[in-house]
Amino acid sequence: MQFSTLAARETADPKTTRPHTLPLYATSSYAFDSIDQGIDIFTGKEKGHVYSRYGNPTIEAVAEKIAQMEAHGTGLSAVGLMTSSGMSAISTLLFGLLKSGDRVLTQGNLYGGTTELFNAVFSPLGVEPVVVDFRNLEMVEDSLKKDPRIRLIYCESPTNPTLSCVDLAGVAAIAKRHGVETAVDNTFLSPYLQQPLALGIDWVIHSTTKYLCGHGNSIAGCIVGTDDGAMRQKVWKVMKLVGTNASPFEAWLVHMGMKTLPLRMEKHCANAQAIAEFLEKHPAVGRVNYPGLPSHPDHFLMKKQARGHGGMLSFELSGGLDAGIRAMNRVKLCTLAPTLGDVDTLILHPASSSHLNVARDVRLASGITDGLVRLSVGIEDSADLIGDLGQAIG
Ligand SMILES: *Cc1c(COP(=O)(O)O)cnc(C)c1O
């Protein structure tokens, strides 16, 4: 064997004893022992992998774990599919379930990217969103009665930035009466706090970038459903053909993060509750949006459908725009970053950052006032966080 052959050759599997943690399969393809084995795997007669856009052992192990979490304790069995981002989880699911002429019933206060996806990508392809206020379930049912083109209900609970909630069991029951499928973006609470499948929802999507990973070091998404056949024939097929598959490394990072999901979520909730109570009493603060506060309009709804109130909250500084900018410049422990669900506390003043280029009246219509500040509360010591916020807004 010449040097160049030695250099180019793949080494044999170095595995000796079973690795304790999930191995990272950084491989685009899988080698067959014989042509017969190749044929059997390609035709599905033998279980195995072919090419990592179709499936990869690391990615599949993580997707399965997320599916198990969404179904845990519910008596249901669920399947999961990881994608390259939360956005690609949403688009892959929509492409898989809908065709031109179909419509999606949804809400006006979705994650900004999802609203833009509906308007900029799906509408021109003939899949239009129909916006309704999900707080009014009669209107939801009327919409389905009036428009048989609506084939999917897509919602989030709780939503950005006011943490308003949707009665998921109520929506699922209406959808079932009309033979319409339902999908919920469960990113804000994670399956530790909320399990939409148990409430009758058909599909759950996640930006695993947020709480499931928890450490702010990966971008990926996941689709979970209970219909194995639809997942394979409709959703997986789109993932494979459009190429929205996750990277094994990103999946592996999510896997590491998920081990501490229950511990993190408990602390996120406890810290958010303590901070919300502190802010609610603070003279510089107008109103605090946190479902854990009895003053929040969805306090009881959330108690009914979730195991905790999560780590996201927002509050209004009475001083408006100037007070918001001043607070951003004064925080020391909180980081100014446009994501959420990390172990450290992240702060955002939409009017001077994410929504700087959005017209003021449009911004106000979606509840983003001049002095609104959003917090993704981390797992630090709550007294340290309260101290930092107090000096920043005081
Ligand atoms: C971040 C986020 C998304 C998009 O996820 P990416 O991983 O950034 O693509 C979707 N929905 C919600 C609620 C999010 O917070």
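The side chains of lysine 304 and aspartate 167 form a salt bridge (a side-chain nitrogen of Lys or Arg within 4 Å of a carboxyl oxygen of Asp or Glu), with an N to O distance of 3.9 Å. This pair joins distant parts of the chain, since lysine 304 lies in helix α12 (residues 299-305) and aspartate 167 in the loop between β4 and α7 (168-177), 137 residues apart; helices (H or I, at least four residues) and strands (E, at least two) are DSSP runs, numbered from the N terminus. Lysine 304 is exposed, with a relative accessible area of 61%, where exposed means over 50% relative accessible area, buried under 20% and partly exposed in between (1.4 Å probe, protein chains only). The model is predicted, and local features need pLDDT of at least 70, side-chain atom pairs count only at pLDDT 80 or more, and totals for chains, interfaces and linings use all residues. Residues are numbered from 1 along each chain as its sequence is written, and side-chain values use heavy atoms, with hydrogens and water left out.

A search of the whole structure yields ten salt bridges, and a network of such contacts links Arg103, Glu128, Asp147 and Arg149. Within this group, arginine 103 pairs with aspartate 147, their closest N and O atoms lying 2.8 Å apart; the contact connects strand β2 (residues 103-106), which holds arginine 103, with the loop between α6 (137-146) and β4 (150-156), which holds aspartate 147, across 44 residues. Both arginine 103 and aspartate 147 are buried, the latter with a relative accessible area of 10%. Aspartate 147 also forms a salt bridge with arginine 149, at 3.2 Å between the closest N and O atoms, and arginine 149 is partly exposed, with a relative accessible area of 42%.
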